[in-house]
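User: I would like a close look at a single part of this structure, followed outward to whatever it packs against. Please take one helix as the starting point and answer in connected prose.

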Amino acid sequence: MANPTATQLQMLYIAYFARPADPVGLDYWVSEGTSTKAFAANMYLQSEFITVNGSLSIQDQINNIYQNLFFRDADSGGLNYWTKQIQTGKIVLASIANDLIWAAQNNKGSEDDLACLNNRTSAAVAYTAKIKERPVIHPPGIRPILPYTEDSESIEKGNLDTMPKDSNR
């Protein structure tokens with residue numbers, strides 16, 4: 001199986017978190033070369049997902065993923081089908097997003113879901129790319145904390161002999 005693309009991983013970020021991937025996280029997972037199944041299982045265990053979905057029923061978790069991917073509730077037939085697949089152990093809830101994405105991409109009659117998924121994914125890809133190209137801006141008067149180097153200023157090294165004396169001490 002080929003490593004997933006950044007676009008495939010974006011779809012899973014949308015499914016599990018209802019948001020685009022952050023550039024650092026996306027770059028990490030692409031470079032890891034993990035499968036979409038392993039990636040989905042990892043996302044399912046993240047506190048960001050658990051906080052929103054951890055106390056929900058299987059049906060409600062499936063429905064949330066439908067909402068995130070397709071901007072609609074699951075139809076009753078689909079919801080019952082996926083719930084039964086999970087309850088009988090044919091699939092696991094942690095990877096349901098992969099199955100829903102595959103179904104949208106391959107099943108006849110899923111054109112609206114596919115169009116919504118493609119639009120959401122395109123927007124997520126564009127958003128992540130825009131964030132990645134933005135320079136880091138530090139608020140006025142606040143200096144970034146830089147790592148210690150031998151040529152850093154004495155005050156940054158914490159050399160108390162060269163620091164200004166505080167008259168209140």
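Analyst:
**Helix 8 and its surroundings**

The buried residues of helix 8 are Asp113, Cys116, Leu117, Thr121, Ala124 and Thr128. This assignment, like everything that follows, comes from a predicted model. These buried residues of helix 8 pack against helix 1, helix 2, helix 5 and helix 7. The length of helix 8 can be checked against its residue count: at 1.5 Å a residue, its 23 residues should span 33 Å, and the C-alpha atoms at its ends are 33 Å apart, which agrees.

Among these partners, helix 2 can be described in some detail. Two packed helices are described by the angle between their axes and the distance between the axes. The axes of helix 2 (residues 23–32) and helix 8 (residues 111–133) come within 9 Å and cross at roughly 110°, and the two helices are therefore roughly perpendicular to each other. On the helix 2 side the contact is made by Pro23, Leu26 and Asp27, which meet Thr128, Ile131 and Lys132 of helix 8. Sorted by class, this contact of helix 2 with helix 8 has three nonpolar, one polar and two charged residues. Thr128 thus appears both in the contact with helix 2 and among the buried residues of helix 8.

Helix 1 is another partner of helix 8. Nine of the twelve residues of helix 1 are buried, so this helix is largely enclosed by the rest of the structure; the nine are Leu9, Gln10, Met11, Leu12, Tyr13, Ile14, Ala15, Tyr16 and Phe17. They pack against helix 2, helix 3 (36–44), helix 4 (47–53), helix 5 (58–70), helix 7 (96–106) and helix 8. For helix 1 (residues 6–17), the twelve residues should span 16 Å at 1.5 Å a residue, and its end C-alpha atoms are 16 Å apart, which agrees. Just after helix 1, Ala18 takes a positive phi of about 60°.

The surroundings of helix 1 can also be followed through side-chain rings, since a search of the whole structure finds eight aromatic pairs. In one of them, the rings of Tyr16 and Phe49 have their centres 5.4 Å apart and their planes at 75°, so the pair is edge-to-face. Tyr16 lies in helix 1 and Phe49 in helix 4, so this pair ties together parts that are 33 residues apart in sequence, and both Tyr16 and Phe49 are buried. Tyr28 and Trp29 form another edge-to-face pair, at 5.1 Å centre to centre with 80° between the planes. Here the burial is uneven, because Tyr28, at 42% relative accessibility, counts as partly exposed, whereas Trp29, at 15%, counts as buried. Ring pairs also link Tyr13, Phe17, Tyr28, Trp29 and Phe39 into a cluster.

A contact of helix 1 with helix 3 can be picked out at Thr36, which is found in helix 3 and counts as buried at 18% relative accessibility. Setting aside residues up to four places away in sequence, Thr36 touches Pro4, Gln8, Leu12 and Asn98; of these, Leu12 is one of the buried residues of helix 1.

Finally, the approach to helix 7, a further partner of helix 8, includes Ile91, which lies in the loop between helix 6 (76–87) and helix 7. Ile91 is buried, with a relative accessible area of 15%, and, leaving aside neighbours within four places in sequence, Ile91 is in contact with Trp82, Gln85, Ile86, Ile96 and Asp99.

Note on methods:
Residues are numbered from 1 along each chain as its sequence is written. This is a predicted model: local features need pLDDT of at least 70, side-chain atom pairs count only at pLDDT 80 or more; totals for chains, interfaces and linings use all residues. Side-chain values use heavy atoms; hydrogens and water are left out. Axes are lines fitted to C-alpha atoms, for helices over the stretch in contact, and angles run from 0 to 180 degrees between N-to-C directions. Helices (H or I, at least four residues) and strands (E, at least two) are DSSP runs, numbered from the N terminus. Angles under 35 degrees count as roughly parallel, over 145 as roughly antiparallel, 65 to 115 as roughly perpendicular and the rest as oblique. Contact means heavy atoms within 4.5 Å. Ala, Val, Leu, Ile, Met, Phe, Trp, Tyr, Cys and Pro count as nonpolar, Asp, Glu, Lys and Arg as charged, and the others, Gly among them, as polar. The expected span of a helix is 1.5 Å times one less than its number of residues. Buried means under 20% relative accessible area, exposed over 50%, partly exposed in between (1.4 Å probe, protein chains only). Rings of Phe, Tyr and Trp (its six-membered ring) pair if their centres lie within 6.5 Å; planes under 30 degrees apart count as stacked, over 60 as edge-to-face and the rest as tilted.
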